[in-house]
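Got a few minutes to walk through a protein chain? Have the viewer open and follow along from the overall layout to a few individual residues.

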Amino acid sequence: MVKHIFDRIPSTSRLALGATLALGAAFAGTSAAATAAAASPSQPHPVAQQHSSAGQATAVSASTVLQVAESQIGVTEDAAGGGTKFHQWYMSSPRAAETLARDGGGTPSLYANAPWCAMFVSWVGEQAGARSTIGWDAYTVTHAQWFKDNNRWGSEAKPGSVVFFDWGGSKNISAVDHVGLVKKDNGDGTITTIEGNTGNGKVEERIRPVS
(Lines give C-alpha, C1' and ligand atoms only; values in the text may rest on other atoms or scores of the structure.)
Protein backbone atom coordinates (compact mmCIF):
# COMPACT_ATOMS: atom_id res chain seq x y z
CA MET A 1 0.00 0.00 0.00
CA VAL A 2 1.32 3.42 -0.93
CA LYS A 3 1.70 5.74 2.02
CA HIS A 4 2.52 9.41 2.29
CA ILE A 5 5.71 10.69 3.86
CA PHE A 6 6.06 11.58 7.53
CA ASP A 7 6.48 15.27 8.27
CA ARG A 8 9.70 15.34 10.20
CA ILE A 9 11.16 18.03 7.95
CA PRO A 10 11.70 21.53 9.44
CA SER A 11 10.51 24.88 8.11
CA THR A 12 12.35 24.90 4.76
CA SER A 13 9.10 23.64 3.27
CA ARG A 14 7.29 25.24 0.35
CA LEU A 15 3.61 26.09 0.13
CA ALA A 16 3.07 24.06 -2.99
CA LEU A 17 -0.64 24.08 -3.74
CA GLY A 18 -3.89 24.73 -1.95
CA ALA A 19 -7.62 24.18 -2.26
CA THR A 20 -9.97 26.77 -0.84
CA LEU A 21 -12.63 25.70 1.61
CA ALA A 22 -16.11 26.88 0.63
CA LEU A 23 -17.33 29.37 3.23
CA GLY A 24 -20.81 30.11 4.53
CA ALA A 25 -22.90 30.63 7.62
CA ALA A 26 -21.45 28.98 10.72
CA PHE A 27 -23.03 25.67 11.64
CA ALA A 28 -23.78 25.64 15.35
CA GLY A 29 -24.68 21.98 15.69
CA THR A 30 -22.54 19.04 16.75
CA SER A 31 -23.40 16.42 14.13
CA ALA A 32 -20.47 15.30 12.01
CA ALA A 33 -22.35 13.85 9.04
CA ALA A 34 -22.14 15.77 5.77
CA THR A 35 -25.04 15.89 3.33
CA ALA A 36 -22.96 14.34 0.55
CA ALA A 37 -21.24 11.81 2.79
CA ALA A 38 -22.00 8.86 0.51
CA ALA A 39 -20.81 10.52 -2.69
CA SER A 40 -17.92 8.93 -4.54
CA PRO A 41 -14.60 10.72 -3.95
CA SER A 42 -14.03 10.66 -7.72
CA GLN A 43 -17.12 12.78 -8.34
CA PRO A 44 -17.72 16.46 -7.51
CA HIS A 45 -19.13 17.19 -4.06
CA PRO A 46 -21.41 20.12 -3.27
CA VAL A 47 -20.59 22.64 -0.56
CA ALA A 48 -20.80 20.92 2.81
CA GLN A 49 -24.16 21.51 4.41
CA GLN A 50 -26.01 20.72 7.60
CA HIS A 51 -29.69 21.18 8.36
CA SER A 52 -30.89 23.52 11.07
CA SER A 53 -33.76 22.73 13.40
CA ALA A 54 -36.00 24.52 10.91
CA GLY A 55 -34.87 22.16 8.17
CA GLN A 56 -32.88 24.79 6.31
CA ALA A 57 -29.44 23.93 4.94
CA THR A 58 -26.51 25.85 6.43
CA ALA A 59 -23.00 25.82 5.03
CA VAL A 60 -20.09 25.00 7.34
CA SER A 61 -17.79 27.96 7.96
CA ALA A 62 -14.02 28.05 7.98
CA SER A 63 -14.08 29.13 11.63
CA THR A 64 -15.98 25.97 12.55
CA VAL A 65 -13.39 23.81 10.81
CA LEU A 66 -10.51 25.66 12.47
CA GLN A 67 -12.11 25.43 15.92
CA VAL A 68 -12.26 21.65 15.57
CA ALA A 69 -8.65 21.51 14.37
CA GLU A 70 -7.38 23.75 17.17
CA SER A 71 -9.13 21.64 19.78
CA GLN A 72 -6.80 18.77 18.85
CA ILE A 73 -3.50 20.62 19.28
CA GLY A 74 -1.23 18.53 21.48
CA VAL A 75 -2.61 15.12 20.50
CA THR A 76 0.40 12.83 20.13
CA GLU A 77 0.98 9.52 18.37
CA ASP A 78 2.27 6.47 20.22
CA ALA A 79 5.77 5.01 20.02
CA ALA A 80 4.85 3.05 16.89
CA GLY A 81 3.76 6.19 15.07
CA GLY A 82 0.02 5.59 15.39
CA GLY A 83 -2.64 5.07 18.02
CA THR A 84 -4.42 8.38 17.61
CA LYS A 85 -8.18 8.91 17.41
CA PHE A 86 -7.59 9.85 13.78
CA HIS A 87 -6.17 6.41 12.99
CA GLN A 88 -8.99 4.69 14.85
CA TRP A 89 -11.65 6.74 13.09
CA TYR A 90 -10.22 6.16 9.65
CA MET A 91 -9.81 2.41 10.16
CA SER A 92 -13.47 2.14 11.19
CA SER A 93 -14.75 4.27 8.30
CA PRO A 94 -16.09 2.88 5.01
CA ARG A 95 -13.50 5.02 3.25
CA ALA A 96 -10.71 2.76 4.54
CA ALA A 97 -12.00 -0.18 2.50
CA GLU A 98 -12.16 2.03 -0.59
CA THR A 99 -8.61 3.34 -0.27
CA LEU A 100 -7.23 -0.10 0.58
CA ALA A 101 -8.76 -1.51 -2.59
CA ARG A 102 -7.32 1.40 -4.56
CA ASP A 103 -3.84 1.08 -3.07
CA GLY A 104 -3.33 -2.67 -3.32
CA GLY A 105 -5.52 -4.34 -0.74
CA GLY A 106 -5.19 -5.42 2.86
CA THR A 107 -7.08 -4.83 6.07
CA PRO A 108 -7.84 -1.51 7.77
CA SER A 109 -5.25 -2.37 10.43
CA LEU A 110 -2.60 -1.31 7.90
CA TYR A 111 -3.52 2.25 8.82
CA ALA A 112 -2.89 1.71 12.55
CA ASN A 113 0.63 3.15 12.47
CA ALA A 114 0.57 4.88 9.09
CA PRO A 115 1.50 8.53 8.55
CA TRP A 116 -1.57 10.46 9.55
CA CYS A 117 -1.55 14.07 8.33
CA ALA A 118 -4.27 13.34 5.76
CA MET A 119 -6.26 11.29 8.26
CA PHE A 120 -6.15 14.25 10.66
CA VAL A 121 -7.44 16.72 8.05
CA SER A 122 -10.12 14.20 7.03
CA TRP A 123 -11.17 13.69 10.67
CA VAL A 124 -11.47 17.45 11.18
CA GLY A 125 -13.69 17.69 8.12
CA GLU A 126 -15.87 14.88 9.43
CA GLN A 127 -16.25 16.37 12.91
CA ALA A 128 -17.01 19.83 11.51
CA GLY A 129 -19.65 18.49 9.15
CA ALA A 130 -17.53 19.40 6.13
CA ARG A 131 -16.58 16.02 4.69
CA SER A 132 -18.11 16.90 1.33
CA THR A 133 -15.89 19.99 1.18
CA ILE A 134 -12.67 18.64 2.68
CA GLY A 135 -12.81 15.04 1.45
CA TRP A 136 -11.34 12.03 3.23
CA ASP A 137 -8.22 10.05 2.44
CA ALA A 138 -5.09 8.65 4.04
CA TYR A 139 -2.74 9.47 1.15
CA THR A 140 -1.79 13.08 0.44
CA VAL A 141 -1.31 12.66 -3.31
CA THR A 142 -4.76 11.23 -4.00
CA HIS A 143 -6.32 13.66 -1.53
CA ALA A 144 -4.77 16.54 -3.47
CA GLN A 145 -5.84 15.04 -6.78
CA TRP A 146 -9.45 14.88 -5.51
CA PHE A 147 -9.45 18.66 -5.05
CA LYS A 148 -8.07 19.24 -8.54
CA ASP A 149 -10.48 16.77 -10.15
CA ASN A 150 -13.37 18.63 -8.53
CA ASN A 151 -12.19 22.05 -9.75
CA ARG A 152 -11.41 23.20 -6.22
CA TRP A 153 -7.70 23.87 -6.65
CA GLY A 154 -6.02 27.22 -6.07
CA SER A 155 -3.08 29.06 -4.55
CA GLU A 156 -4.63 31.61 -2.18
CA ALA A 157 -4.07 30.68 1.45
CA LYS A 158 -7.43 31.65 2.95
CA PRO A 159 -8.37 30.63 6.51
CA GLY A 160 -9.79 27.12 6.41
CA SER A 161 -8.03 26.20 3.18
CA VAL A 162 -6.55 22.74 2.86
CA VAL A 163 -2.88 23.21 2.01
CA PHE A 164 -0.57 20.60 0.46
CA PHE A 165 3.21 20.68 0.76
CA ASP A 166 6.05 19.25 -1.31
CA TRP A 167 9.31 19.43 0.62
CA GLY A 168 11.21 19.25 -2.68
CA GLY A 169 9.66 22.53 -3.80
CA SER A 170 7.87 21.35 -6.95
CA LYS A 171 4.23 22.01 -7.72
CA ASN A 172 3.52 18.48 -8.91
CA ILE A 173 0.67 16.69 -7.20
CA SER A 174 2.56 13.41 -7.46
CA ALA A 175 5.26 14.90 -5.20
CA VAL A 176 2.96 16.07 -2.39
CA ASP A 177 4.37 14.99 0.98
CA HIS A 178 2.14 16.59 3.61
CA VAL A 179 -1.16 18.33 4.22
CA GLY A 180 -2.62 20.70 6.79
CA LEU A 181 -5.15 23.49 7.29
CA VAL A 182 -4.47 27.20 6.87
CA LYS A 183 -5.26 29.28 9.95
CA LYS A 184 -4.18 32.60 8.45
CA ASP A 185 -1.93 34.33 5.96
CA ASN A 186 0.51 36.31 8.07
CA GLY A 187 1.20 38.84 5.30
CA ASP A 188 4.97 38.46 5.64
CA GLY A 189 5.60 35.52 3.34
CA THR A 190 4.45 32.95 5.86
CA ILE A 191 1.22 31.21 6.77
CA THR A 192 0.05 29.84 10.10
CA THR A 193 -1.24 26.29 9.82
CA ILE A 194 -2.68 23.52 11.96
CA GLU A 195 -1.26 20.12 11.04
CA GLY A 196 -1.28 16.55 12.26
CA ASN A 197 1.75 14.25 12.15
CA THR A 198 4.11 17.18 12.45
CA GLY A 199 6.96 18.13 14.78
CA ASN A 200 7.50 15.04 16.92
CA GLY A 201 4.34 13.25 15.81
CA LYS A 202 1.79 15.70 17.17
CA VAL A 203 -1.01 18.00 16.16
CA GLU A 204 0.61 21.43 16.18
CA GLU A 205 0.19 25.00 15.04
CA ARG A 206 3.05 25.77 12.65
CA ILE A 207 4.37 28.77 10.74
CA ARG A 208 5.38 27.87 7.19
CA PRO A 209 7.16 30.02 4.57
CA VAL A 210 5.32 30.30 1.27
CA SER A 211 8.52 30.85 -0.74
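What follows starts with the whole chain, then turns to one helix and two residues.

Keep in mind that this is a predicted model. The chain has 211 residues, and 51% of them are buried. Its secondary structure adds up to six helices and seven strands. Read from the N terminus, the order is β-β-β-α-α-α-α-α-α-β-β-β-β, so the helices sit in the middle of the sequence with strands on either side. If you look at contacts with a separation of 6 or more, 63% of them join residues 24 or more positions apart. As for the outside, the accessible surface is about 8,900 Å², and carbon and sulfur atoms contribute 52% of that.

Now zoom in on helix α3, which covers residues 94-103. Which of its residues are buried? They are R95, A96, T99, L100 and D103. Looking down the axis of α3, you'd find these buried residues within an arc of 135°, so they line one face of the helix. The general reason such spacing works is that an α-helix has 3.6 residues a turn, so residues three or four places apart point the same way. On the other side of α3, P94 and A101 are exposed. And what do the buried residues of α3 pack against? That would be α2, residues 85-92. Just after α3 comes G104, with a positive phi near 120°.

Helix α3 also leads us to D137, since R95 and T99 are both among the contacts of D137. You'll find D137 in the loop between α5 (131-134) and α6 (140-149). Is D137 buried or exposed? Its relative accessibility is 2%, under the 20% cut-off, so D137 counts as buried. The side chain of D137 has a polar partner there: a polar contact of 2.9 Å links it to the side chain of R102. Beyond its neighbours within four places in sequence, D137 also touches other residues, including Y90, A118, M119, S122, T142 and H143.

Last stop: T64, in helix α1 (residues 62-70). With a relative accessibility of 12%, T64 counts as buried because that value is under 20%. Its side chain makes a polar contact of 3.1 Å with the side chain of S61. For a longer jump along the sequence, try V124: T64 and V124 are 60 residues apart in sequence, yet their C-alpha atoms are 9.7 Å apart in space.

Methods. Residues are numbered from 1 along each chain as its sequence is written. This is a predicted model: local features need pLDDT of at least 70, side-chain atom pairs count only at pLDDT 80 or more; totals for chains, interfaces and linings use all residues. Side-chain values use heavy atoms; hydrogens and water are left out. Helices (H or I, at least four residues) and strands (E, at least two) are DSSP runs, numbered from the N terminus. Buried means under 20% relative accessible area, exposed over 50%, partly exposed in between (1.4 Å probe, protein chains only). A polar contact is a pair of N or O atoms within 3.5 Å; within protein, one must be able to donate a hydrogen and the other to accept it, and residues adjacent in sequence count only if both atoms are side-chain atoms. Contact means heavy atoms within 4.5 Å. Accessible areas come from the Shrake-Rupley method with a 1.4 Å probe; for residues, only the protein chains shown count as cover. The arc is that of the directions from the helix axis to the C-beta atoms.
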